[in-house]
Amino acid sequence: MLSTMQDTPLSIAQLLRHGSTVHGDAEVVTWTGAGTRRRSYAEVGRRCAQLSHALRTLGVTGDERVATFMWNNAEHLEAYLAVPSMGAVLHTLNIRLFPEQLVHVANHAEDHIVIVDATLLPLLTPQLPQLTTVKHLIVTGDSADGVEAPDSVQVHSYEALLADQPTEFDWPEVDERSAAAMCYTSGTTGDPKGVAYSHRSIYLHSMQVCMTDGPALKQGDRALAVVPQFHAMSWGLPYAAFMIGASLIMPDRFLQPEPLAALIAAEQPTFAAAVPTIWQGLHQYLEQHPQDISCMHDVLIGGSAVPPSLMHTFEDDHDIQVLHAWGMTETSPLGSVARPPAGTEGEERWRYRYTQGRFPASVQARLVDDLGEILPHDGNSVGELEVRGPWIAAAYYGVDAPDKFHDGWLRTGDVGTITPDGYLTLTDRTKDIIKSGGEWISSVDLENAVMGHPDVIEAAVIGVPDAKWDERPLVAVVLREGSGATVDTLREFLSDKVAKWQLPENWTVINEVPKTSVGKFDKKRLRSQYHDGDLEVTRI
Ligand code: AMP
């Protein structure tokens, strides 16, 4: 029997309509380095209509891809809302990709238009002659005069394009399963692969961002979105903010600890999201320049494992609760969130918070071993995590990747355990696990243990070849300035924290752990530095 219920499509246009009317007083605040630019959601709604009219005049009549090459700011938010609402597809380009990756991604997605921040033109214009499908460049910020572009590309100023357009738009009704936005993976192995999110998947994911078993973004929150809008859709914050009526605080290009601290002081965010390295940097800065940042009641951290030491530091020194979450570009990205069960206290509560967390009802998770057998959720059995659900990718755009999917489930490449009450603990990426004498060593466990030392700023662990054990861990460590710690004292520090056979004998002290285009530890680069003999390794 069919239900008797209505089947109105879930759409970005509905989020735009709702946010710009019901929550018209909420605002997007963009940091300028010295102050702010402010725009109410009502105004954003009018400007989205103007942008959509302007894009129609540039030939966007169907599902053309409109790319962005931008920082997090008000204009980027406008593109987020306007492009899918008019029926086109937003493609957020990662501004930190290598030139050849950028060319691959823009050509693969067949971008028709690129909206670019004036400050980022030097990174984009040299590649323009190779972007074979791009017909228009729309420049935000400074004047678009004098921009060097091939004859095939017309250059426009964003503000001039919007200026005389009507402030209302008759948003078309779109199939909720059609693509609304695209994001390519950061491509640490091979070419970046595209994920095309649907209106429906974004809508449902936005609801999860507001759920109390998720990040619990709520009306009246002031959400500091440090995670880039080109990294897994800024973890869904822009759309969720429009859905629930939370204001957005955008750092633009000012992502270093000092301007971030100034932005926090000026705008008093109540919620924030970024990868661990951003918070490590901010904490170090605040040690020298104390400032109360406890306005942020929740700080969502994910993208890599959050060291327990960082969670305690934020709680003890800054009175901030760190919310540990796991996700991927392929999962929109929200997967699990580490909220402890009601009624837990003290140490038990912390143990839950260290994990990658629990999945919401909409996302199913399972663990699979090397032979494809499903493993029990007993907190001990270790296997590859597979997930499925309405905001999880079923395929990549325009490429076959059969090894990434398994019977309708997404293979995450992450390895870990799940407890009977549903808490995921990741021990590693499949490719980062260290296989020592037939046993596995978790690089993440070692990193967390080393980063628990008060003199350690960062630590990344990779497996290096070993004649006797096949592979042994190498710890690359960044020490606090003036620290008296040595590799001997660090190893001694680890001796009661990890099993004896796991104690690393290979150490290297470096100035900074190399980072990927989205700010995570770049172990691939670290491995090639090791193989090229660029690291000074001490063997104990
Ligand atoms: P990306 O698509 O660039 O966001 O990368 C997704 C990958 O980041 C995941 O497959 C994990 O390997 C890693 N990741 C994300 N969140 C966490 C977390 N909380 N703990 C450990 N690894 C994480």
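**Domains.** I looked up the domain division first and found domain 1 (12-199) and domain 2 (434-539). The model is predicted. I read a distance of 41 Å between the C-alpha centres of domain 1 and domain 2. I then turned to the interface, where five residues of domain 1 are in contact with four residues of domain 2. Domain 1 and domain 2 bury about 400 Å² between them, and 50% of this area is on carbon and sulfur atoms. I searched for salt bridges between domain 1 and domain 2, and the count is zero.

**Helix α4.** I next examined helix α4 (residues 99-109), in which the buried residues include Leu102, Val103, Val105 and Ala106. The buried residues of α4 pack against several elements, among them β3 (65-69), β5 (111-117) and β8 (179-184). After α4 comes Glu110, for which I noted a positive phi, near 60°.

**Salt bridges.** I obtained a count of 27 salt bridges. I followed Glu110 further: its partner is Arg65, with the closest N and O atoms 3.8 Å apart. This pair joins strand β3, which holds Arg65, to the loop between α4 and β5, which holds Glu110, across 45 residues. I recorded 12% relative accessibility for Arg65, so Arg65 counts as buried. Glu110, at 43% relative accessible area, is partly exposed.

I then inspected Glu384 and Arg411, whose side chains form a salt bridge at 2.8 Å, N to O. Glu384 lies in strand β19 (residues 383-388) and Arg411 in strand β21 (residues 409-418), 27 residues apart. Glu384 is buried at 12%, whereas Arg411 is partly exposed at 33% relative accessibility.

In the salt bridge of Lys515 with Glu458, I found the closest N and O atoms 2.9 Å apart. Lys515 is in the loop between β27 (506-509) and α15 (523-531), and Glu458 is in strand β25 (residues 456-466), 57 residues apart. I noted that both Lys515 and Glu458 are buried.

I also traced a network of salt bridges that links Arg37, Arg39, Arg47, Glu75, Glu78 and Glu159.

**Aromatic rings.** I counted eight aromatic pairs. For Tyr352 and Tyr423, the ring centres are 4.5 Å apart and the planes lie at 55°, so I entered the pair as tilted. Tyr352 belongs to helix α12 (residues 346-354) and Tyr423 to strand β22 (residues 423-429), 71 residues apart. Both tyrosines, Tyr352 and Tyr423, are buried.

Finally, I checked for charges over ring faces. I found Arg353 over the face of Trp350, 4.4 Å from the ring centre. Lys193 lies over the face of Tyr396, at 5.5 Å from the ring centre.

Technical notes:
Residues are numbered from 1 along each chain as its sequence is written. This is a predicted model: local features need pLDDT of at least 70, side-chain atom pairs count only at pLDDT 80 or more; totals for chains, interfaces and linings use all residues. Side-chain values use heavy atoms; hydrogens and water are left out. Rings of Phe, Tyr and Trp (its six-membered ring) pair if their centres lie within 6.5 Å; planes under 30 degrees apart count as stacked, over 60 as edge-to-face and the rest as tilted. Helices (H or I, at least four residues) and strands (E, at least two) are DSSP runs, numbered from the N terminus. Buried means under 20% relative accessible area, exposed over 50%, partly exposed in between (1.4 Å probe, protein chains only). A charge sits over a ring if NZ of Lys or CZ of Arg is within 6 Å of the ring centre and within 35 degrees of the ring normal. Domain bounds come from an automatic or database domain assignment. Contact means heavy atoms within 4.5 Å. Buried area is the accessible area (1.4 Å probe) that two parts lose on being put together, summed over both. A salt bridge is a side-chain nitrogen of Lys or Arg within 4 Å of a carboxyl oxygen of Asp or Glu.
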